[in-house]
Amino acid sequence: MNKSLLVSTLLFVGSAMTAATAAPQAFDFTDPKGVNAIQFKLDSLLEPISGTASGVSGKVHYNPENPTETTGKIVVATQSALVSNAVMTEHMLGEQWLDAANNPEIVFELTSLSNTQTEGNNTTATATGKLTLKGITREISVPVRLSYLPGAFGKRINKPEVPGDLLVIRGEFSIARADFGIMPGQHEDKVNPEIALSLAIVGSPAQD
Amino acid sequence: MTAPIRTHASDATPTSGAPRKKILSLLRLLSAFCLVFGIVYWSGKGAHTGWSMNRVPVTQVDEITGIEFITYEDRFVPGIEWLGGAVGLAAVAFGLSFFFRTKKTHNP
């Protein structure tokens, strides 16, 4: 009797410890379906300039049991940014604006996830990290919502038999282009100094 | 004494004013064409009042994640600067046509 009680207790303690120290899962944000993109928008003289940057990649390690452990990095290829007008796109990627030739990547490296509130599989939090844009790195804090979708990977790639979870990250924030050396203080009457950014990206199971 | 030779406008060389008239007509025709085509084409393509587009954004939704994402269709949509160019060209052609007006000569 004492032996079975001891074994049960040990099993219970063991499973509790396993749950508490569940390893974060790695998610790869290079989306095979090409959905991932960062949308940007800024007011200008004639109409708002809006476009997308679809060259998203990077890895995030997320623990659904303990979201504050989340770490990772999201990378966007600068050259992938485009707007509806080809001439405007060329100017935007040029030396005076994003300078894509010399700064091929825009990087956000997460340093901490705070103010987390989890409800079911959705977690809202404040993601603090270092944003590098046009060679300048600044620390920013972004409100984000993380949606963990267990078992949804196979369904998304039309292979339901393939196991795997998905992690969707959403967020909206603004940056000042002057903070990143993008024509600081110039043409503010024609191109708004604030750039509104919106991200909705999905990570698939990564192979570490 | 011989009588003075009277000349009539109809006796003038038939081709002297004709090239100018032709050019004037062509310029005004070009002006009208640019104006009409410009307005009709711009209106027909959606009367877009922003800048011209070479690619048109199309919003789609990823079924599993619910993410709204944008894809682009490669097609040209003329914008306000395109319309302005057509109207400007029409105005220039019409303005130039005034240099080719023929002067009417009257003889008693």
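The following paragraphs cover the interface between chain A and chain B and then a nonpolar surface patch on chain B, in a predicted model.

The interface involves 24 residues of chain A in contact with 19 residues of chain B. Between them the two chains bury about 1700 Å², and 60% of this area lies on carbon and sulfur atoms. On the chain A side, the residues that lose the most area to chain B are Val35(A), Leu46(A) and Ser84(A), which together account for 31% of what that side buries.

Polar and charged pairs also cross this interface. Eight residue pairs, both members at pLDDT 80 or more, are found in polar contact, and two salt bridges are found across the interface. A salt bridge joins Asp62(B) to Arg156(A), with the closest N and O atoms 3.1 Å apart. Several elements of chain A give two or more residues to the side that touches chain B. They are the strands β3 (49–53), β6 (81–83), β10 (166–176) and β11 (194–205), together with the helices α2 (86–93) and α3 (153–156).

Chain B also carries a nonpolar patch on the surface, formed by Leu35(B), Val36(B), Ile39(B), Val40(B) and Val87(B). Together these residues have about 390 Å² of accessible area. Which element gives the most to the nonpolar patch? Helix α1 of chain B, spanning residues 18–44, does so with four residues. Val40(B) is found in this helix α1. Val40(B) counts as exposed because its relative accessibility is 54%, and the cut-off for exposed is over 50%.

How values were computed:
Residues numbered from 1 in each chain as written. Chains lettered and ligands numbered in written order. Predicted model: local features only at pLDDT ≥ 70, side-chain atom pairs only at ≥ 80, totals over all residues. Heavy atoms only, no water. Patch = residues over 30% accessible without salt bridge, like charges linked within 9 Å, V, L, I, M, F, W, Y side chains within 5 Å. Areas by Shrake-Rupley, 256 points an atom, 1.4 Å probe, with all protein chains shown as cover. Salt bridge = Lys/Arg side-chain N within 4 Å of Asp/Glu carboxyl O. Buried < 20%, exposed > 50% of the residue type's maximum accessible area, 1.4 Å probe, protein only. Contact = heavy atoms within 4.5 Å. Buried area = accessible area lost by both parts, 1.4 Å probe. Polar contact = N/O pair within 3.5 Å; in protein donor to acceptor, adjacent residues only side chain to side chain.
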